[in-house]
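Please open the structure in the viewer and keep the sequence panel visible. The stops below are given in the order in which they may be selected.

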Amino acid sequence: MTEKIKIYDVRAHQGDSAFLIDDGKCAILYDSGFAFTGDAVAQNIKKLLGERRLDYIFLTHSHYDHALGSVYAKKLWKDARVVAGEYATKIFAKPTARAVMRDLDRKFARTCGVSEYEDLIDSLAVDIPVADGDIIKAGSMEFRVLNLPGHTKCSVGYYCEEHKLLLSCESIGVYNGKDNVVPSYLVGYQMVLDSISRVEKLGAEQILVPHYGVISGDEAKLYLKKARESAVETAQEIVGMLKMGRSKTEIAEFFKNKFYHGYIKVIYPIDAMELNTGITIDLLAREFNV
């Protein structure tokens, strides 16, 4: 008998990416939010689970708004197993990488009015490093790991064939809650297109989108269609501006004006947006040889 899966939004701040997946027997935290919201996210989970344990923490990639909260969840549920790609595992082990995540987390915390919180970032680690095609069995659920690079080299998704449920990642694109998708290529433009193609072939009926939640049916199909269109269109626009000799500052302002408003402005810290936009412009210049 197939158990019914329930998915809960356990974010403490809209910029978090943290959702609980529960079949009644096994509970999975999908991404875990910031460090400064980590305790609050853990308490949101506790309210739902009661005396039950959190079994797994699935991380999609190594960025601070997705990964740092895992340490705070582990403080409450020491036996919870953190799952992430092999590449992310190596990143978490680097003091320099943790220092960058700590700095970004603290900056955004201050903009949210939080100046003090327990710093557990140096405990960030992965219990189960996974590779493409690996299977994670969790209660009645079985997830296949999908390497979906483009946003980062370490980006992964998790697909449950039985329930046609994809736990997606930002390589596919950041959904703004309507019909627009912010492209998120930081390490590879073609990688992003290839990752979108791979997801399209799955036939997923439900997609859990980072920072947003579950979309299904026609909305899920439209999301993937818009993700591809936006990725291609935005790359063409930026490359065109580079060929015209526009400055990096001008192009960054174009990107901000196009995407940084509404829901995106709420969930996307300005420091991260500005940093990522600069990386995106440099990437496209290299990949298109401009």
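Select arginine 53 in this predicted model: with a relative accessible area of 55%, arginine 53 is exposed, because the cut-off for that class is over 50%. Add aspartate 55, whose side chain meets that of arginine 53 in a salt bridge with an N to O distance of 2.6 Å. Aspartate 55 is buried, at 8% relative accessible area. The pair therefore joins an exposed arginine 53 to a buried aspartate 55.

Next, select Arg98, Arg102, Arg106, Asp119 and Asp122 together; salt bridges that share partners join these residues into one network. Side chains of opposite charge can pair when their charged atoms come close. The count for the model comes to 19 salt bridges.

Continue with arginine 52 and aspartate 22. Their salt bridge has its closest N and O atoms 2.9 Å apart. Which parts of the chain does this pair tie together? Arginine 52 lies in the loop between helix 1 (38-49) and strand 4 (56-58), whereas aspartate 22 belongs to strand 2 (residues 19-22), so the pair links parts that are 30 residues apart in sequence. Arginine 52 is partly exposed, at 27% relative accessibility, and aspartate 22 is buried, with a relative accessible area of 8%.

Then move to arginine 11 and aspartate 9, another salt bridge, in which the closest N and O atoms are 2.7 Å apart. Is arginine 11 buried or exposed? Arginine 11 has 16% relative accessibility and counts as buried, because the limit for buried is under 20%. Its partner, aspartate 9, is partly exposed, with a relative accessible area of 43%.

The following two stops concern the backbone. Most residues other than glycine have a negative phi. Select histidine 211, where phi is positive, near 70 degrees. Histidine 211 sits in the loop between strand 13 (206-209) and strand 14 (213-216), and histidine 211 is buried, at 3% relative accessible area. Now select asparagine 289, which also has a positive phi, near 55 degrees. Asparagine 289 is located in the segment after helix 10 and is exposed, with a relative accessible area of 71%.

From there, step back into helix 10 (residues 270-287) and select threonine 277. Which residues does threonine 277 touch, not counting those up to four places away in sequence? The residues touched are Ala252 and Phe255. Threonine 277 is buried, with a relative accessible area of 3%.

Key: Residues are numbered from 1 along each chain as its sequence is written. This is a predicted model: local features need pLDDT of at least 70, side-chain atom pairs count only at pLDDT 80 or more; totals for chains, interfaces and linings use all residues. Side-chain values use heavy atoms; hydrogens and water are left out. Helices (H or I, at least four residues) and strands (E, at least two) are DSSP runs, numbered from the N terminus. Buried means under 20% relative accessible area, exposed over 50%, partly exposed in between (1.4 Å probe, protein chains only). Contact means heavy atoms within 4.5 Å. A salt bridge is a side-chain nitrogen of Lys or Arg within 4 Å of a carboxyl oxygen of Asp or Glu.
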